[in-house]
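Please open the model in your viewer and keep the selection tool at hand. The tour below moves from one selection to the next and says what is there at each stop.

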Amino acid sequence: MSRTEGGVEEFEAVARAVVEPVRRYLHRRTDAATADDALGEVLLVLWRRAADVPADPLPWAIGVARLCLANAERSRRRQHRLLTRIGPGAPEPDPTEDVAGALDDAARVRAALRTLKDADAELLRLQAWDGLSSDQLAQLLGITPNAVAIRLHRARGRLREALERQDPEPDRTGRGKGRA
C-alpha cells in the first residue's frame, strides 16, 4: 500500500507529537533496549493504522505501547522458561531497577507504589509521570472522565496511606529532636 504525500506528513506530525512522551513512558517501565524496540513497534502501528488514530493521539499511542510492553514481557518469560529447561543460565537483571531510587523521596514513593494494586499504581504514573489529563486517561482506559477522577482520588488516598505506613519521613528541620 502506498502512502500519499499528505499521509506521510500526517504520520510525521503524529509521530513528532507522541514520540517523546511515549519514549519516556516506556523507559520508566522497562530496560532501554526493550523500550526502544517497543517504541519502534508503536511507530509501526501508528503508520499502519493511521486511519484509526484519534484526534488526540497520545492516549492511543500509550495504549499501543502498553500492549507492546505486555508482548515483550510474555516473550521474555517464554525465553526464560526455555533457558531454564535447556540448561543453567545466569539470573536475568531486573529491568525495573531505577537509578532515581537512590533518592530518599523517590525511593519512598516508588516503594509505596509497589504496595498498591497494579491498576492504581499505573493510573497514578500515567497522570503524574506521563502528564495525561483526565480526558486522555478516560480515552486510554475506555471509561468516563468522571470515573477517572474517582479512581484517581481513591488511588491517591491509597498511596497516601501506603506512605504513612512506611517509616516516618526524617525530620529535616531539626525541630523534632529533644521535644516531648
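Are α6 and α7 roughly perpendicular or roughly parallel to each other? This is a predicted model, in which local features need pLDDT of at least 70 and side-chain atom pairs count only at pLDDT 80 or more, while totals for chains, interfaces and linings use all residues. Residues are numbered from 1 along each chain as its sequence is written, and side-chain values use heavy atoms, with hydrogens and water left out.

**Stop one: α6 and α7**

Select helix α6, residues 134–141, together with α7 (helices are DSSP runs of H or I with at least four residues, numbered from the N terminus). The two pack at an angle of about 100°, with their axes 8 Å apart; axes are lines fitted to C-alpha atoms over the stretch in contact, and angles run from 0 to 180 degrees between N-to-C directions. α6 and α7 are therefore roughly perpendicular to each other, a label given to angles of 65 to 115 degrees, while those under 35 count as roughly parallel, over 145 as roughly antiparallel and the rest as oblique. Now show the side chains of S134, D135, L137 and A138 in α6, which meet P145, V148 and L152 in α7, where contact means heavy atoms within 4.5 Å. This contact has 5 nonpolar, 1 polar and 1 charged residues (Ala, Val, Leu, Ile, Met, Phe, Trp, Tyr, Cys and Pro count as nonpolar, Asp, Glu, Lys and Arg as charged, and the others, Gly among them, as polar).

**Stop two: α5 against α7**

Keep α7, residues 145–165, and add α5, residues 118–128: their axes come within 9 Å and cross at roughly 105°. That makes α5 roughly perpendicular to α7. On the α5 side, select D120, L123, L124 and Q127, which meet R151, L152, A155, R156, R158 and L159 in α7. The residues of this contact divide into 5 nonpolar, 1 polar and 4 charged.

**Stop three: α5 against α6**

Hide α7 for a moment and look at α5 with α6, which pack at an angle of about 135° with their axes 10 Å apart. α5 and α6 are therefore oblique to each other. Here L123, L126 and Q127 in α5 meet L137, L140 and L141 in α6, a contact with 5 nonpolar, 1 polar and no charged residues.
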